[in-house]
Amino acid sequence: MFKAAFKPSPSDRENALWFIIQGGRLLVKRNSRPAVIPQTRHLAESIPEFVHTQFLGHLDGQPCFAAGPPPDFQPEDNLDFRGLKSLFGRIDENHLWVAGRANQLVRWSRHHSYCGKCGQKTTEKADERARICTACNLVNYPRVSPAIIVAVIKEDQILLGRSGRFPGGFFSVLAGFVEPGEGLEMCVEREVFEETGIAVKNIRYFGSQPWPFPDSLMVAFTADYAGGEIQIDGQEIVAADWYTKDNLPDIPPGISIARQLIDWFVDSG
Ligand SMILES: [Zn+2]
C-alpha cells in the first residue's frame with residue numbers, strides 16, 4: 001500500500017526505491033521481468049547528482065524518491081531506461097503507479113524551473129509541494145488535468161468509438177478533457193455530443209483513476225442514451241457504434257478505467 005508524504009525523515013534515503021525519470025522513461029534493471037526499480041545501494045554515487053529530486057512517500061513501508069538524471073548521466077551497466085507505457089503488464093502494478101507519480105512530478109518540476117510570469121528562476125517551496133519564483137514569489141503547484149470518461153448505454157448496447165490516438169485501433173468509451181469553467185457533468189454532455197452527436201441523460205459517477213502519463217485525472221461516469229443518431233467528426237473519433245456484450249470489437253487491455261467501464265457493462269448485462 002502506498003502512503004504519500006512530502007518530507008522524508010533523515011534515514012529515508014538509506015534504503016529507498018528510486019524512480020528515475022527521463023523523458024517519460026523509467027530507470028530499471030536491465031532485462032528484469034517484472035521490471036526491478038533500483039534502490040539506494042544500486043545508485044549510491046549518482047544520487048547527489050540527480051536533479052528535481054522529490055520524496056514521494058512510502059510503498060509498503062519502503063521510502064520512495066523521484067528524480068531526474070543530470071544531463072550527462074550514464075546509467076550503470078545493469079540499468080536501463082524503459083518507456084513507462086511499455087512497462088504496462090511488465091512491472092509490479094504498485095511500482096507502475098508510483099512511477100506515474102514520479103513521472104508527473106519530475107516533469108512538472110522540470111517544466112517549471114523558470115517563472116511563467118516573470119521568467120526568473122524558481123526554487124522548491126519549503127513547506128509544501130510547490131515551486132516559488134525567486135523574484136516575484138509566484139507559486140506554482142503540480143498540474144493535474146481532469147478528464148471525463150463515460151460509458152453511454154442504450155438498452156443492452158454500449159457506445160464505443162475509435163480515436164486516431166488509440167494504438168492498434170482499439171475501440172473504447174468516450175473521453176475528453178474538462179474545459180475551464182465547466183462542471184464534470186457538463187463536460188460529459190459536451191464531449192459525447194461533440195464526438196458522436198449523441199445526447200445523454202442520467203449521468204452517474206463511476207470512479208476515478210490518476211493517469212499520470214503525463215498529468216491527467218480520469219473521472220469516470222455512466223450515462224443513458226437520450227437521443228440523436230451517431231455522427232462522427234472523422235478527426236478526433238474515426239469510427240463509433242453501439243455494441244452488445246456479445247459482439248464487442250477490440251477493446252483496451254489491462255489496467256485502465258476505460259476497461260473497468262467496459263467490464264462493468266459486460267457484467268451488468
Ligand atoms: Zn516570477
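**View 1. Strand 11 is mostly covered in this predicted model.** Strand 11 spans residues 157-163, and five of its seven residues are buried. One of its pairings is with strand 15, in the antiparallel sense and over six bridges. Look for two facing pairs here: S163 sits opposite I237 of strand 15, and L159 sits opposite W242 of that strand. Strand 15 covers residues 237-243, and it is mostly covered too, with five of its seven residues buried. As a reminder for reading any strand, side chains in a regular one alternate between the two faces of the sheet.

**View 2. Strand 10 and strand 11 form a hairpin with two residues between the strands.** Strand 10 takes in residues 145-154, and two bridges join it to strand 11, with the two running antiparallel. Across the hairpin, I153 stands opposite I158 in strand 11. Which residue of this hairpin takes a positive phi? That's E155, with a phi near 55°.

**View 3. I158 is one of the residues that touch the most other members of the largest nonpolar core.** This core has 42 residues, and F19, L26, I149, L160 and V173 share that well-connected status with I158. Helix 2 gives the most to this core, chipping in eight residues. Leaving out residues up to four places away in sequence, I158 touches A151, V152, I153, V173, D241, W242, Y243, L248, I262 and F265. There's also a second, separate core of 17 residues, and V150, L159, L174 and C187 are among them. For general background, nonpolar side chains in soluble globular proteins tend to be buried together.

**View 4. F19 is buried within strand 2.** Strand 2 runs over residues 17-22. Is F19 buried or exposed? Its relative accessibility is 0%, so F19 counts as buried. If you skip residues up to four places away in sequence, the contacts of F19 are L26, I37, C64, F65, A66, A67, H95, V98, A99 and A102. To get a feel for distance in this view, take F19 and R30: they are 11 residues apart in sequence, and their C-alpha atoms are 15 Å apart in space.

**View 5. E195 is a buried residue in helix 3.** Helix 3 is made of residues 184-196. How does E195 come to count as buried? Its relative accessible area is 2%, and buried means under 20%. Not counting residues up to four places away in sequence, E195 touches L174, A175, Q231, I232, D233, E236 and I237. Two of those names turn up in other views: L174 is part of the second core, and I237 is the residue opposite S163.

**View 6. Four cysteines hold the zinc ion through their SG atoms.** The protein donors are C115, C118, C133 and C136, lying 2.3 to 2.4 Å from the zinc ion. What geometry does the site have? It is tetrahedral, with angles of 99 to 119° among the four donor atoms. The ideal angle for four tetrahedral donors is 109.5 degrees. Along the chain, the donors follow the spacing C-x2-C-x14-C-x2-C. C118 lies in the loop between helix 2 (93-111) and strand 7 (122-124), while C133 belongs to strand 8 (residues 131-133), so this pair ties together parts that are 15 residues apart in sequence. C118 is partly exposed, at 35% relative accessible area, whereas C133 is buried at 2%.

**View 7. Strands 7, 8 and 9 make an open sheet with antiparallel pairing.** The order in this three-stranded sheet is 7-8-9. Strand 7 and strand 9 (139-140) stand at the edges with a single partner strand each, so one side of each has no neighbour in the sheet. Strand 8 and strand 9 pair over two bridges, and R131 has N140 in strand 9 as its bridge partner.

**View 8. Zooming out, the protein has four helices and 15 strands.** Its C-alpha trace spans about 60 × 45 × 30 Å along the principal axes. Of the 269 residues, 46% are buried. The accessible surface comes to about 14000 Å², and 49% of that belongs to carbon and sulfur atoms. Among contacts between residues at least 6 apart in sequence, 64% join residues at least 24 apart.

Key:
Residues numbered from 1 in each chain as written. Predicted model: local features only at pLDDT ≥ 70, side-chain atom pairs only at ≥ 80, totals over all residues. Heavy atoms only, no water. Donors = N, O, S within 2.8 Å, 3.2 Å for Na, K, Ca; no water. Tetrahedral: all angles 85-135°; square planar, octahedral: opposite > 155°, others 65-115°. Buried < 20%, exposed > 50% of the residue type's maximum accessible area, 1.4 Å probe, protein only. Pairing = 2+ DSSP bridges. Contact = heavy atoms within 4.5 Å. Areas by Shrake-Rupley, 256 points an atom, 1.4 Å probe, with all protein chains shown as cover. Core = buried A, V, L, I, M, F, W, Y, C linked by side-chain atoms within 4.5 Å.
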